[in-house]
Amino acid sequence: MKKAFWKEAVVYQIYPRSFMDSNGDGIGDLKGIISRLDYLQQLGVDVVWLSPVYKSPNDDNGYDISDYEDIMDEFGTLQDWEELLEGLHTRGIKLMMDLVINHSSDEHAWFVESRSSKDNPYRDYYIWRPGGPDGKRPNNWSSIFSGPAWELDETTGEYYLHLFSRKQPDLNWENPQLREALYKMITFWLDKGVDGLRMDVINLISKTPGLPSSGDAELGGGGEYYMNGPRVHEFLHEMNQKVLSKYDVMTVGETPGASVEDAILYTGEDREELQMVFQFEHMDVDSGPSGKWEVTPWTLHQLRGILHKWQVGLAEQGWNSLYLNNHDQPRMVSRFGNDGEYRVISAKMLATLLHTLKGTPYIYQGEEIGMTNVKFPVLEYYQDIETLNMYREKVTEGGADHETILNAIYAKGRDNARTPMQWDGSTNAGFTTGTPWLRLNPNYSEINVEQAVADPDSVFHYYRKLIALRKENPIMVYGEYKLLLPEHDNIYAYTRTLDDEQWLVLLNFSDVAQSVDLPKELAAVKELVIGNYGEASSDRSVLRPYEAGVYRLG
Ligand code: TEU
Ligand code: CA
């Protein structure tokens, strides 16, 4: 396996709106991030992935871009951005920008032109279709943010496609001019010194010709006609050849609905497309047949089964990215650990998993201090468009039970991840001196950066150790992964092996002690490399609640 910086790196994701507000308007901004760079350096991360900071009307918090080559007013200016890049580089940290090119904002100049007339030169930058007889939509696809994926535009009497909100029209990648315009824009940023790109829903860019309906219902899904579509590899290869390959740039594609086989095609080293992808299978482990809002209990058998499949599937070709949460997902300690009695211990256990599987770990802001999900008492406190659209469709229009849906929001809503970063115990957790755009999680008086940095046993210092260990131990990056105890109900156990070195990882996913029965050759433990209880237990055949241990064998 070839060595590479991006395999060895640890990435930290910043959601700028919620990270740090510098001017009291309640919205996080670039100057706020700049003021916290020493904290990131102390943590030891190698790369910052910045969620979108481009000009945007914020229908979807920056994932709806109205000008790709400028900064959102609330976040600052291009000059602030340059200062951020320099501040990161001075500290040896690289910058990965978010690239949202499956769709733009409807307020982007291209769309303003495109919608103005059928023969406008930009018409074909987007996906327009006439309606059918009796005012039928061009097909029955539904939007990922609820309702139909088509919006009728009065000006020309045609519909445009939007897989996300109606203010996020899909770009038409079939059009070579559109592709060239995007490549030019990407070049603009790479020339400025950007080190990496995270590509939003990049596997949705190629739609099946003819845009067939999905089944006979009035609204179908449609994903089978736009996820990993017919020309997606051609487009990514082209982008790689025309732009990416000319720079030293780290790339990760967000790919909902991608299988291991798809991922090998996206990330195989001979393919010249991307370096790694965010797969979603493990994010569906607690979803029912109707989707994410049908909250369903998960088992370790399921979660381990998925992660193991990906570990094995990408062992020789491609590369995994490792994450358990981000700005779209609930907080990992609440979802996969225990955010009550065992919050600190279980957050460290999950961190151990993320940093000892094979792949590149991604930390989402606040994860490193064990931030948890939030339960707002009333719907009015929520801001996320996906959540609000879903509530309207299911409760306001569909008559579903308010409590049931509110509980689904508590479990899965994206605002769980978006409550402002908890810096200290002062008013609004030191995030802002004004009124925060989204309310804070009321637990900030106990869970905050100031507390975590001061406490040597905190989740924060455990992350610091894991990151530092990665720097000294190539086995964490390149070591071969092998599963142990595949039938255990509560323990995820595996080895990593590199040359003549071998590590054993034992993770208890339950809140009760579990006994472990390891094969004899693995019982010869030399030392505990890192463990979430501080020291090794005297009885190694028992794992304490949520215990994580990494042992050097030999
Ligand atoms: O998310 C893509 C995606 O699949 C989302 O639908 C997300 O996972 C969803 O919340 C799950 O129900 C990306 C961005 O990460 C997200 O923030 C954007 O809203 C979306 O694309 C549109 O740009
Ligand atoms: Ca601000």
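Guide: In this predicted model, two helices count as roughly parallel if the angle between their axes is under 35 degrees.

Visitor: Why are H11 and H16 called roughly parallel to each other?

Guide: The axes of helix H11 (residues 343-356) and helix H16 (residues 459-472) cross at roughly 15°. The cut-off for this term is under 35 degrees, and H11 and H16 are therefore roughly parallel to each other. Their axes come within 10 Å, and the crossing is right-handed.

Visitor: Which residues of H11 meet which residues of H16?

Guide: From H11 come Val-344, Ala-347, Lys-348, Ala-351 and His-355; from H16 come Val-459, Tyr-462, Tyr-463, Leu-466 and Arg-470. The residues of this contact divide into seven nonpolar, one polar and two charged.

Visitor: What makes S16 and S20 edge strands of their sheet?

Guide: The sheet is an open one, formed by five strands in the order S16-S17-S18-S22-S20 with antiparallel pairing. Strand S16 (480-484) and strand S20 (525-531) each have a single partner strand, so one side of each is left without a neighbour in the sheet. Neighbouring strands of this sheet are turned by 25° against each other on average, direction ignored.

Visitor: How do you know that S20 and S22 pair?

Guide: Two strands pair if there are at least two bridges between them. S20 and strand S22 (residues 548-553) have five bridges, in the antiparallel sense; S20 and S22 therefore satisfy the requirement of at least two bridges. Within this pair, Glu-527 stands opposite Arg-552 in S22.

Visitor: Where do domain 1 and domain 2 lie along the chain?

Guide: According to the domain assignment, domain 1 comprises 5-102 + 176-202 + 231-463, and domain 2 comprises 479-553. The C-alpha centres of the two domains lie 29 Å apart.

Visitor: How do you know that domain 1 and domain 2 are in contact?

Guide: Residues are in contact if their C-beta atoms lie within 7 Å. By this criterion, 18 residues of domain 1 are in contact with 15 residues of domain 2.

Visitor: Which helix gives the most to the side of domain 1 that touches domain 2?

Guide: Helix H9 (300-313) and H11 each supply at least two residues of that side. H11 gives the most, with seven residues. The residues of the side of domain 1 that touches domain 2 divide into eight nonpolar, seven polar and three charged. H11 thus appears in two settings: it meets H16 through residues including Val-344, and it supplies residues to the side of domain 1 that touches domain 2.

Methods:
Residues numbered from 1 in each chain as written. Chains lettered and ligands numbered in written order. Predicted model: local features only at pLDDT ≥ 70, side-chain atom pairs only at ≥ 80, totals over all residues. Helix = DSSP H or I, 4+ residues; strand = E, 2+ residues; numbered from the N terminus. Axes fitted to C-alpha atoms, helices over the stretch in contact; angles between N-to-C directions. Parallel < 35°, antiparallel > 145°, perpendicular 65-115°, else oblique. Left-handed = near helix turned anticlockwise from the far one by under 90°. Nonpolar A, V, L, I, M, F, W, Y, C, P; charged D, E, K, R; others polar. Domains from an automatic or database assignment.
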